[in-house]
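Colleague: Got a minute to go through the sheet in this one with me? I'll pull it up.

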Amino acid sequence: MADERVTGGKSDQEIADEWAAAMAEDESAAGETSALTQQPRAAAASPDLDVILDIPVQISMEVGSTSITIRNLLQLNQGSVIELDRLAGEPLNVLVNGTLIAHGEVVVVNDKFGIRMTDVISPSERIKKLR
């Protein structure tokens, strides 16, 4: 248990189990309604779900990563180039609070950078990664 974080008295495993149960309940409820008549989930949100819909989350895009020594880190200056573990043109990782949720590509929208989602990871796969 030395490596297991505890949040609010609950371990990561307990939190992941609660999310998995909630997702299973949500999927079973969605199965009872046909795909043609199903309302968007946000529009049909229960009062309990409304409580969390306005909680801000941190979304970030990861171009790549690498490991360097502190010696090399201290030698970095303007114009230095750091080689990343990705090839040019590979999709970026889209992370929400540090958890991978999608892959995407960089686009320009009104002279600002944006990201087009090319592959969104299913909720069940995200739950599996929490374990």
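Colleague: How many bridges join β3 to β4?

Modeller: Four, and the two strands run antiparallel, with β4 covering residues 92-96. Strands here are DSSP runs (E, at least two residues; helices are H or I, at least four), numbered from the N terminus. Two strands count as paired if DSSP finds at least two bridges between them. One bridge partner set is I59 with V96 in β4.

Colleague: Before I trust that, where does the model come from?

Modeller: It's predicted, so local features need pLDDT of at least 70 and side-chain atom pairs count only at pLDDT 80 or more, while totals for chains, interfaces and linings use all residues. Residues are numbered from 1 along each chain as its sequence is written, and side-chain values use heavy atoms, with hydrogens and water left out.

Colleague: OK, what's the strand order in the open sheet?

Modeller: β3-β4-β5-β6, four strands with antiparallel pairing. β3 (59-62) and β6 (112-120) are at the edges with a single partner strand each, so one side of each has no neighbour in the sheet.

Colleague: And by how much are neighbouring strands turned against each other?

Modeller: By 40° on average, direction ignored. The axes are lines fitted to C-alpha atoms, for helices over the stretch in contact, and angles run from 0 to 180 degrees between N-to-C directions.

Colleague: Switching to H103, which residue is its bridge partner in β6?

Modeller: D119. H103 in β5 also stands opposite N93.

Colleague: What about the turn between β4 and β5?

Modeller: That hairpin has two residues between the strands, and N97 in the turn has a positive phi of about 50°. The hairpin of β5 and β6 has two residues between its strands as well, with N110 at a positive phi near 50°.
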